[in-house]
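Work through the exercises below with the sequence and the 3D view side by side. Try each task yourself before you read its solution.

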Amino acid sequence: MAANFWTSSHYKQLLDQEDVDVVPSLDKERGLTLEEFKLIKVHMTNYIARLAQYVKVRQRVVATAVTYFRRVYVRKSMTECDPRLVAPTCLYLASKAEESTVQARLLVFYIKKIYPDENYRYEIKDILEMEMKLLEALDYYLVIYHPYRSLTQLLPDAGLTDLTHLSWSLVNDTYRMDLILIYPPYMIALACIYIASVLKEKETTAWFEELRVDMNVIKNISMEILDFYDSYKIIPDEKINATLNKLSKS
């Protein structure tokens with residue numbers, strides 16, 4: 001697993017935090033702030049997850065779709081690539097990459113079912129056209145490594161299989177942030193195990209020492225996750241719509 005990751009396109013495309021926390025110039029011109037930029041990404045992460053429930057795909061497909069979505073907006077602006085179309089197209093592309101193909105017509109059907117808002121209405125041809133743009137934006141690199149695999153290997157090694165459900169839920173929530181673009185997946189998995197062990201008052205100091213990982217990085221990731229929980233609130237529809245409307249200004 002490690003050897004494959006370190007030679008992968010995923011590893012080569014890891015970014016620094018300051019390269020991710022950037023609002024594209026076209027979006028800045030529309031008045032989009034960094035906070036609003038992140039807000040849209042969280043909203044669309046939730047949208048992908050909700051749509052995935054309807055079309056019944058695995059969590060891995062959702063995680064890959066969200067990773068594609070977040071990668072795209074490191075290179076493209078939301079003004080030129082509407083996130084309301086990019087999100088379902090990322091799910092469509094991820095379903096193929098993860099060999100759980102979902103038909104575009106099924107996505108279009110459920111989008112109309114979930115969102116009566118006309119701004120979310122796209123047809124099959126729109127998804128297929130956007131798919132080509134996304135492939136180009138992603139440099140055709142579609143293989144994503146996720147923390148889940150590391151989690152299933154690390155928890156038994158630590159003797160913490162009873163923390164599987166909590167750790168897994170924490171990993172799910174990391175996709176509401178840009179962590180997957182910045183840190184190796186095993187580090188994210190370790191941070192989730194670290195949080196879970198602290199919450200459940202499990203002693204893991206010796207185990208982490210044996211791993212010889214940089215605990216400063218693990219704790220930094222953990223703090224980012226906990227800070228997100230502290231600051232994250234349910235996003236009112238009015239707020240997200242007002243933010244998205246900035247992208248639609250003529």
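**Exercise 1. Find which helices are included in what covers the buried residues of helix 16, and describe how helix 16 is placed.**

Solution. Step one is to look at the cover: helix 4 (25–29), helix 5 (34–55) and helix 7 (83–97) are included in what covers the buried residues of helix 16. Keep in mind from the start that this is a predicted model.

Step two is to name the residues under that cover. In helix 16, which runs over residues 237–247, the buried ones are Ile-240, Thr-243, Leu-244, Lys-246 and Leu-247. Seen down the helix axis, these buried residues fall within an arc of 145 degrees, so they line one face of helix 16.

Step three is to turn to the face that points away from the buried side, where the exposed residues Asp-237 and Glu-238 are carried.

**Exercise 2. Which residue forms a salt bridge with Lys-246, and which parts of the chain does the pair link?**

Solution. Begin with the general idea that side chains of opposite charge can pair when their charged atoms come close. Here the partner of Lys-246 is Glu-36, and the closest N and O atoms of the two are 2.9 Å apart. The pair links distant parts of the chain, since Lys-246 belongs to helix 16 and Glu-36 to helix 5, with their positions 210 residues apart in sequence. Glu-36 has a relative accessible area of 17%, and because buried means under 20%, Glu-36 counts as buried.

**Exercise 3. Compare the two partners in the salt bridge between Glu-131 and Lys-96: is each of them buried, partly exposed or exposed?**

Solution. First locate the pair, whose closest N and O atoms are 2.7 Å apart. Glu-131 lies in helix 9 and Lys-96 in helix 7, so the salt bridge ties together parts that are 35 residues apart in sequence. Then take the partners in turn: Glu-131, at 6% relative accessibility, counts as buried, whereas Lys-96, with a relative accessible area of 34%, is partly exposed.

**Exercise 4. Where are Asp-139 and Tyr-140 found, and what sign does phi have in each of them?**

Solution. Start with the place: Asp-139 is found in the loop between helix 9 (124–137) and helix 10 (147–158), and Tyr-140 is found in the loop between helix 9 and helix 10 as well. Next read the backbone angle, which is positive in Asp-139, near 55 degrees, although this residue is not glycine. Tyr-140, which is not a glycine either, has a positive phi of about 65 degrees. Finally consider accessibility, where Asp-139 at 35% counts as partly exposed and Tyr-140 at 55% counts as exposed.

**Exercise 5. How many helices and strands are there in the chain, and how does its radius of gyration compare with that of a compact globule?**

Solution. Count the elements first, which gives 16 helices and zero strands. For 250 residues, a compact globule would have a radius of gyration near 18 Å, and the chain, at 18 Å, agrees with this. Along its principal axes the C-alpha trace spans about 60 × 35 × 30 Å. To finish, consider the inside and the contacts: buried residues make up 50% of the chain, and of the contacts between residues at least 6 apart in sequence, 79% join residues at least 24 apart.

Terms used:
Residues are numbered from 1 along each chain as its sequence is written. This is a predicted model: local features need pLDDT of at least 70, side-chain atom pairs count only at pLDDT 80 or more; totals for chains, interfaces and linings use all residues. Side-chain values use heavy atoms; hydrogens and water are left out. Helices (H or I, at least four residues) and strands (E, at least two) are DSSP runs, numbered from the N terminus. The radius of gyration is taken over C-alpha atoms; the globule rule is 2.2 Å times the number of residues to the power 0.38. Buried means under 20% relative accessible area, exposed over 50%, partly exposed in between (1.4 Å probe, protein chains only). Contact means heavy atoms within 4.5 Å. The arc is that of the directions from the helix axis to the C-beta atoms. A salt bridge is a side-chain nitrogen of Lys or Arg within 4 Å of a carboxyl oxygen of Asp or Glu.
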